2 protein chains.
Amino acid sequence: MATHCDHAVAHDEPHDLQAALDRARERCSTGGQRWTAPRERVYELLLKAGAPVKAYDLMDAYQEGRAAKPPTVYRALEFLEHFGLVHRIASLNAYMACGSDDEDHAAAFLICDCCGSAEEFEPGRVTSASAAAAAHGFKARAIALEVRGLCQQCVH
Amino acid sequence: MATHCDHAVAHDEPHDLQAALDRARERCSTGGQRWTAPRERVYELLLKAGAPVKAYDLMDAYQEGRAAKPPTVYRALEFLEHFGLVHRIASLNAYMACGSDDEDHAAAFLICDCCGSAEEFEPGRVTSASAAAAAHGFKARAIALEVRGLCQQCVH
DNA sequence: CAGTGCAGGGTTATAAGATAACATAATTAG
DNA sequence: CTAATTATGTTATCTTATAACCCTGCACTG
């Protein structure tokens, strides 16, 4: 995805990409699911980006020469999201690799409207929303908290 | 928008539609903006629905006979959202009239995946997210909290 | 009460995001 | 080895949203 400004964009690429992929593969096979090429490729692209990426940008980046087609990428994304490896950021129509080891956690993001970066933050804060929901007789299954604003680099 | 189940859907239509429209008009002119026909019509439709409505459903409902075209509705929605009269619910790609009198508040919703209803809940809970953001050196401008799950009617 | 400037709206076209439906290939179970 | 299952490839299409342009009518100026 194009950046929106000239500020230095924090590049959150994991220092050990391979290790992250290995963890994902293991988590997947532990869950009795197959770790296939498109799933790995999409996850790898998201890890490398270290920032929210749009589905169509994943298609372009998927393979040199020929781009992947929508269902390939969307199916992989759906799978990865199911496994908690990827979050969809609804307010951006974008997807981001998840650092957490917890398979089933709330998604909470600080999203910079200037540089396009996003930081996943401590989801514990969000559990109070769960409590609020319960108070309304509502059974929560997924919680998404998206804070839009300016990151530390971009406020200056 | 089509309902997803046979449960009784809480119909949150305000008992005094006209009063709500009057309040909106006043708020708008106080802000030095024009309260025009498409803005009123879109807001009215959302108030009547009392639930999240998709943009293209608003176009269909806009006027008998001929449907409104996308820019008409999207422009009205953008305006209304700016004034805090309407919230966009990103995870649904839908829009909902806002009850609050506070022009600039966080959006927090309990969204039922079964009947399609949504309830806006006390945004105070969300301010802790603001604090979390600040702790990261992040300047928050808008906060959206979307809890997906089952409402009281639909858990049964 | 003109004249004029500009915000708002109508219209057409198209971009961006996501899914449906069906055919084919790969994996696993029996 | 074969059948059943799961995943991928492919084409087409649907949904959601915006761009660009022109015209109208209100609202301020003098």
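Me: In this predicted model, how many residues surround DNA strand C, and which are the closest?

Reply: In the model, which is a predicted one, 18 residues surround DNA strand C, and the closest are A:P70, A:N93, B:T36, B:P71 and B:T72. By class, the residues of this surface divide into eight nonpolar, four polar and six charged.

Me: Which helices each supply at least two residues of the surface near DNA strand C?

Reply: From chain A, helix 3 (55-62) and helix 4 (70-82) each supply at least two residues, and from chain B, helix 2 (37-49) and helix 4 (70-82) do so as well. The largest share, four residues, comes from helix 4 of chain B.

Me: How should I read the packing of helix 3 of chain A and helix 4 of chain A, and at what angle do their axes cross?

Reply: In general, two packed helices are described by the angle between their axes and the distance between the axes. Here the axes of helix 3 of chain A and helix 4 of chain A come within 9 Å and cross at roughly 115 degrees, and these two helices are therefore roughly perpendicular to each other. The crossing of helix 3 of chain A and helix 4 of chain A is right-handed. The contact is made by A:A55, A:L58, A:M59 and A:Y62 from helix 3 of chain A, together with A:P70, A:V73, A:Y74 and A:L77 from helix 4 of chain A; by class, it has eight nonpolar residues, no polar and no charged ones.

Me: How many residues of chain A are in contact with chain B?

Reply: The size of an interface is often given as the accessible area lost when the parts come together. For this pair a residue count is available: 29 residues of chain A are in contact with 29 residues of chain B. On the side of chain A that touches chain B, helix 5 (127-135), strand 5 and helix 6 (152-155) of chain A each supply at least two residues, and strand 5 of chain A gives the most, with 12 residues. By class, that side has 16 nonpolar, six polar and seven charged residues.

Me: In what sense do strand 5 of chain A and strand 5 of chain B pair?

Reply: Strand 5 (residues 139-150) of chain A and strand 5 (residues 139-150) of chain B pair in the antiparallel sense, over 11 bridges. A:E146 stands opposite B:A144, and A:A144 stands opposite B:E146.

Me: In what order do the six strands of the open sheet lie, and which stand at the edges?

Reply: The order is 4(A)-3(A)-5(A)-5(B)-3(B)-4(B), with mixed pairing. Strand 4 (118-120) of chain A and strand 4 (118-120) of chain B stand at the edges, each with a single partner strand, so one side of each is left without a neighbour in the sheet. Neighbouring strands of this sheet are turned by 20 degrees against each other on average, direction ignored.

How values were computed:
Residues numbered from 1 in each chain as written. Chains lettered and ligands numbered in written order. Predicted model: local features only at pLDDT ≥ 70, side-chain atom pairs only at ≥ 80, totals over all residues. Pairing = 2+ DSSP bridges. Axes fitted to C-alpha atoms, helices over the stretch in contact; angles between N-to-C directions. Near = placed C-beta within 6 Å. Nonpolar A, V, L, I, M, F, W, Y, C, P; charged D, E, K, R; others polar. Parallel < 35°, antiparallel > 145°, perpendicular 65-115°, else oblique. Left-handed = near helix turned anticlockwise from the far one by under 90°. Contact = placed C-beta atoms within 7 Å.
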